[in-house]
Amino acid sequence: MKTHRDLDVWNAAVELASSVYQATRDFPGEERFGLVGQMRGAAVSVASNIAEGAARQTKKEFAPFLYVASGSASELATQIEISRRIGVGDAKGLSELDAKREQVSRMLHGPIRSIKARSSP
């Protein structure tokens, strides 16, 4: 029986979350409860929602969790951009994070489209 651990998108999302934790270690202390907490929370939410949705009984039940994961990835995109604009974090590291986030976002759209196609009349 397959679990969330077997999903490429979940594995990519866990890697993204790990990278966010690594990248935000060097953010200023005053961002600990600001951008650092927001970015880490959004990244963890992506992987967590994929896992929770994968545990549901049907693919149709999985879809709302994929949408939430996609929304969290969009939140993270905004937080990366704000970090870039205010000069917090390493510019190259932020670009690499955004590329990983974009990859996860693209990976989420495949199963969302597939589920929508199956549930359409």
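This is a short tour of a predicted model, moving from one helix to the nonpolar core and then to two pockets.

**Stop 1: helix α1**

Start by selecting residues 8–24, which make up α1. How far apart are the end C-alpha atoms of α1? They are 24 Å apart, and this agrees with expectation because 17 residues at 1.5 Å a residue should span 24 Å.

Now colour the buried positions of α1: Val9, Trp10, Ala12, Ala13, Leu16, Ala17, Ser19, Val20 and Thr24. As you look along the helix, keep in mind that an α-helix has 3.6 residues a turn, so residues three or four places apart point the same way.

**Stop 2: the largest nonpolar core**

Next, add α2 (35–54), α3 (59–86) and α4 (91–119) to your selection; together with α1, these are the elements that give two or more residues to the largest nonpolar core. The core has 31 residues in total. Which helix gives the most to this core? That is α2, with nine residues.

To find the best-connected members, select Met39, Ile50, Leu76 and Val104, which touch the most other members of the core. For background, nonpolar side chains tend to be buried together in soluble globular proteins.

Zoom in on Ile50 and show its surroundings. Setting aside neighbours within four places in sequence, Ile50 contacts Leu7, Val9, Trp10, Ala13, Phe62, Leu66, Ala69 and Leu108. Three of the names there should look familiar from the first stop: Val9, Trp10 and Ala13 are among the buried residues of α1.

**Stop 3: the largest pocket**

Now select Lys2, Thr3, Ala54, Ala55 and Arg56, the lining residues that lie nearest the centre of the largest pocket. The lining has 14 residues altogether, and the space inside is about 280 Å³. Both α2 and α3 supply at least two lining residues, with α2 giving the most, at three. If you colour this lining by class, expect six nonpolar, five polar and three charged residues.

**Stop 4: the second largest pocket**

For the last stop, select Leu7, Asp8, Val9, Lys59, Phe62, Met107, Pro111, Ser114, Ile115 and Arg118, which line the second largest pocket. Its volume is about 170 Å³. Here α1, α3 and α4 each supply at least two residues, and α4 gives the most, with five. By class, this lining divides into six nonpolar, one polar and three charged residues.

Before you leave, show Ile50 again: Leu7, Val9 and Phe62 are among its contacts, and those residues also belong to the lining of this pocket.

Note on methods
Residues numbered from 1 in each chain as written. Predicted model: local features only at pLDDT ≥ 70, side-chain atom pairs only at ≥ 80, totals over all residues. Heavy atoms only, no water. Core = buried A, V, L, I, M, F, W, Y, C linked by side-chain atoms within 4.5 Å. Buried < 20%, exposed > 50% of the residue type's maximum accessible area, 1.4 Å probe, protein only. Helix = DSSP H or I, 4+ residues; strand = E, 2+ residues; numbered from the N terminus. Contact = heavy atoms within 4.5 Å. Expected span 1.5 Å × (residues − 1). 1 Å grid on protein atoms, 1.4 Å probe; cavity = no way out; pocket = protein on both sides within 12 Å on 5 of 7 lines; lining within 4 Å. Points joined across faces, edges and corners; volume = space filled by probe spheres on them. Nonpolar A, V, L, I, M, F, W, Y, C, P; charged D, E, K, R; others polar.
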